[in-house]
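Visitor: Please show me how to read the features of a structure, one at a time.

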Amino acid sequence: MRPEPISPEKREEVIAHMAAGLLQAYRYFREPRQVSPGAHTREPRRNAPKVGRNDPCPCGSGKKYKKCCGGATVN
């Protein structure tokens with residue numbers, strides 16, 4: 001099941017191709033990071049302030065958020 005051994009010349013050729021491919025992959029993935037370094041810092045998508053667990057529920061029930069809409073539901 002083992003492949004045939006390769007010659008030292010073929011081994012050097014394969015290593016050279018692997019090194020060139022690795023360098024190209026590094027350059028490919030490095031470029032987008034240098035174009036926009038602040039692209040990873042995003043503003044939160046939330047328009048309204050975050051509701052805390054012990055705050056009144058925004059649905060208007062009068063219950064705490066954790067006992068109303070913030071609780072885990074079992075179906």
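The dialogue below goes from the whole chain to single residues.

Guide: This is a predicted model, in which local features need pLDDT of at least 70 and side-chain atom pairs count only at pLDDT 80 or more, while totals for chains, interfaces and linings use all residues. Residues are numbered from 1 along each chain as its sequence is written, and side-chain values use heavy atoms, with hydrogens and water left out.

Visitor: How many helices and strands does the protein chain have?

Guide: Helices (H or I, at least four residues) and strands (E, at least two) are DSSP runs, numbered from the N terminus. The protein chain has one helix and zero strands. Helix α1 covers residues 8–35 and includes M18.

Visitor: What share of the residues counts as buried?

Guide: Buried means under 20% relative accessible area, exposed over 50%, and partly exposed in between, with a 1.4 Å probe and protein chains only. Of the 75 residues in the protein chain, 1% are buried. C57 is buried, at a relative accessible area of 6%, whereas M18 is exposed at 57%.

Visitor: How is an aromatic pair described?

Guide: By the distance of the ring centres and the angle of the planes. Rings of Phe, Tyr and Trp (its six-membered ring) pair if their centres lie within 6.5 Å; planes under 30 degrees apart are stacked, over 60 edge-to-face, and the rest tilted. The structure holds one aromatic pair. Y28 and F29 form this edge-to-face pair, with 4.9 Å centre to centre and 85° between the planes. Y28 is exposed, at 57% relative accessibility, and F29 is exposed at 54%.

Visitor: Why are C57 and C59 not joined by a bond?

Guide: A disulfide is a covalent bond between the sulfur atoms of two cysteines. The rule here asks for a pair of cysteine sulfur atoms within 2.5 Å. The closest cysteine sulfur to that of C57 is in C59, at 3.5 Å, so the two are too far apart for a bond. C69 is in no disulfide either, with the sulfur of C57 as its nearest cysteine sulfur, 3.5 Å away. By this rule the count is zero disulfides.
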